[in-house]
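Student: Could you pick one part of this structure, look at it closely, and then show me how the rest is built around it?

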Amino acid sequence: MLNINSLKTIMMNIKYLGICALMLMSFDATDSNFEGYSQKIPGTQVIFDMTPIQAGTFKMGNDDSQNLDEKPAHEVKIDAFWMGTHEVTWDAFELFLDKNYELAISEEPIGERVDGLSRPSLPYLDMTFGMGKEEKPAIGMTQYGAIQYCHWLFLKTGIFYRLPTEAEWEYAAKAGSNTMYFFGDDPKALGDYAWTAENSNESTQKVGAKKPSPWGLYDIYGNVLEWTYDQYDIDFYKRSAKENPVNPAEKLYPRVVRGGSFASSPAEATSAKRFLSSPDWKRMDPQIPKSQWWFPEAPFLGLRLVRPWIPPSPEEINAYYTKSPITDY
Amino acid sequence: MKILNSRRDFIKTGALVTGGVFASPFVVPGAYAAPANELKLAVIGCGGRGTGAVFQAMETGHPIKLVAMADAFRDRLDNSHKLILEKYGASKVAVPEEMKLTGFEGYKEAIAAADVVILATPPGFRPMHFEEAVKQGKQIFMEKPVATDAAGIRRVLKAAEEAKAKKLNVVVGLQRHYQNNYRETIKRIHDGAIGDITGGQVFWNDGGVWVRERQPGQTEMEYQMRNWYYFNWLCGDHITEQHVHNIDVANWVKKGYPVKAEGTGGRQVRTSKETGEIFDHHVVTFTYADGSVIHSECRHFPGAANRVDESFQGTKGKVYMSGGNHGVLTDWKGNELYNHPRDNQPNPYQQEHDELWAVLMKGEYKFADAENAAKSTMTSIMGRYATYSGKPLTWDEAMNGSVDLFPERLAWDAMPKLLPDADGYYPHAVPGKTKVI
């Protein structure tokens, strides 16, 4: 078992290169280390769980779907990663979005690099939309905001957290199944596993209240749509790589979000359904340029973390976190 | 209503101010394609909101040309100009160097160059800018709130009368008035759906807004202007700058303004030197002429629960409304009387401009939002007076308040009235001690 706490102590104040060198050493180990773990956010009482997703091969897409963009179903090989057992909640996300709040509740100094990180503009609107914070998914963030949350976590913990690729998300959701849902094809059974328009009372719900997937993930369908790293391309499956495919985003819209939400019909909250981000989610932003951080009209959008089993190089990590956002107006 | 002689007046006023004769866009209403009919637009206050308002004006699709921009700061103006030019191109944006006006006085020349003005600076400047725009006979879109103290409100109310007399359209960015869930729900309340309104609760509780840190070399005036949210002469405190939206809904529902306010507030978690003088919470009860009471609550507590909405109770039922398109009327037996659809609703920030510019293009007179905006802003200021002083006060006492927060002189080397102590902390109101009127 990886000793997160001792690693954390060593890593607090050193730069990317130092951090990653240590990490590579710690990963020079056997697969016996590949277990679930709880991540404490240093200096706080906030903890979240990560679930191991073993490497494997699966059929991505769905040839029986009415949606053309899910075709062709094709075989894809995926490397091992951990995935957030739950969607990221406000308990953790609010520490990131408000530095003064983080300073106020931290039990120790937050460190220069964390202090210097670019944070979201505090939203002028109530981004919980009256749906509550405690154990409720953080919502309404842009993909840039979701990635910067990962960046903040990296600076806090020394561990490379990132968004799932679209392929990783679908692999984890399918959990070895070849059906619409990991439990079969009947949307009527979804209520045991997910909050959708049918049972959510038009609101986000506390994470982890429904049954998990066979691989131990809660709310992988419904509650909130989850960010992936990929640009949406209707034809991507016709040309995508056979191993660890990813379509890095170069345009602001549309990007891929997955899993359906509390506002989705049960029939569309499937493993293979590809949802799209939309500029309409920012219509009510009265400012120009529009916020890089917030979608005031996407209360149904959140994120789930991934941590790759083999972390990339320090340069790649740096590039992942420091990619400039595209101005939106 | 048609403007009778206003087109002629419009030309006369413009000529008086500039010494030249404008080709009035109002001469041939409806002939959209003709360049002579372009409406000239100026924006005063080129921050995110002013720039956003220019975009919304342009998005109406009417022939509009941005001809002048004014902001205290050149960097803010340049950022704004770049974005507008990139998006709409040189055919819509013709702001020569001499019409990029900076400092405290540029607004006059910018207003003179336009037919229509957007006033979107921090609210402390609004009375001055609104007065000038009315004096020059311009059509006006201005942001809320419209002042930060009673002295400013009195100026706005006077100018609002003049605007009515001149039949100048004035739209104010209290956008709930342009949002369908509010319009449809409040119309039903006024039609008696839930009886007489006897009480209500309005909220803006969230985690707070941006802070801009002091930079080396800034004068005190420049620092306060950059970090304006935290200084009352510029912002009015968040009960005015933000919560005015919800308080205004209470006034709209009650068809009037409170006769009395009492309340409490303070700085519980907002304790840093970067956060000026404003409180982080205010809780006020507003009593209306018929004796009904509205509870108003606004707070900036990070980590605590958020709530931004409006609820009212009547003799026959209750109502819940929010900026998220809620509008739900229920009788006291629990039967739903009305539930406004929440999906695919128009964007109220766009709606304000769609409605304003449609009227302007026809040369008509329809909008006189300034008086209500001034009185709703005054309601929020009265609430602040109550929380700052810790004493109840009447509408008339608040409205006649003699404390003027505005600096004696506007210049980069001039001193605002509120100054930091030796450690950089600003004095703030202390209930029981502070004089507010």
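A strand pair and its surroundings

Tutor: Let's start small: Gly200(B) sits opposite Phe312(B), which belongs to S11(B). What you're looking at is a predicted model, where local features need pLDDT of at least 70 and side-chain atom pairs count only at pLDDT 80 or more, while totals for chains, interfaces and linings use all residues. Residues are numbered from 1 along each chain as its sequence is written, and chains are lettered from A and ligands numbered from 1 in the order in which they are written.

The labels are easy: helices (H or I, at least four residues) and strands (E, at least two) are DSSP runs, numbered from the N terminus. Strand S7 (residues 197-206) and strand S11 (residues 307-314) of chain B pair in the antiparallel sense, over 8 bridges. Two strands count as paired if DSSP finds at least two bridges between them.

Now zoom out a bit. In chain B, 9 strands make an open sheet with mixed pairing, in the order S14-S13-S12-S11-S7-S10-S9-S8-S15. At its edges are strand S14 (336-339) and strand S15 (393-394) of chain B, each pairing on one side only.

Helices lie across this sheet. Helix H7 (residues 180-190) of chain B lies across S7, S12, S13 and S14 of chain B, at about 25° to S13(B). Helix H12 (residues 370-389) of chain B lies across S8, S9, S10 and S15 of chain B, at about 60° to S8(B). For those angles, axes are lines fitted to C-alpha atoms, for helices over the stretch in contact, and angles run from 0 to 180 degrees between N-to-C directions. "In contact" is about residue pairs whose C-beta atoms, placed from the backbone, lie within 7 Å.

Our strand S11 turns up again where the chains meet. That contact takes 23 residues from chain B and 20 residues from chain A. S11, H2 and helix H3 (74-88) of chain B each supply at least two residues of the side of chain B that touches chain A, with H2(B) giving the most, 5 residues.

H2(B) has another job in the picture, over at helix H11 of chain B. Among what covers the buried residues of H11(B) are helix H2 (48-59) and strand S1 (39-44) of chain B. Those buried residues include Tyr349(B), His353(B) and Trp357(B). A residue is buried if 20 or more other C-beta atoms lie within 10 Å of its own, exposed if 12 or fewer, and partly exposed in between, with C-beta atoms placed from the backbone. How far apart are the end C-alpha atoms of H11(B)? They are 20 Å apart, which agrees with the 20 Å expected for its 14 residues (348-361) at 1.5 Å a residue; that expected span is 1.5 Å times one less than the number of residues. After H11(B) comes Gly363(B), with a positive phi near 70°.

Last, the whole of chain B. You can find 13 helices and 15 strands in chain B. Its radius of gyration is 22 Å, close to the 22 Å that the globule rule gives for 437 residues, so chain B is as compact as a globular protein of that length. That radius is taken over C-alpha atoms, and the rule is 2.2 Å times the number of residues to the power 0.38. Buried residues make up 50% of the 437 residues in chain B.

Technical notes. Contact = placed C-beta atoms within 7 Å.
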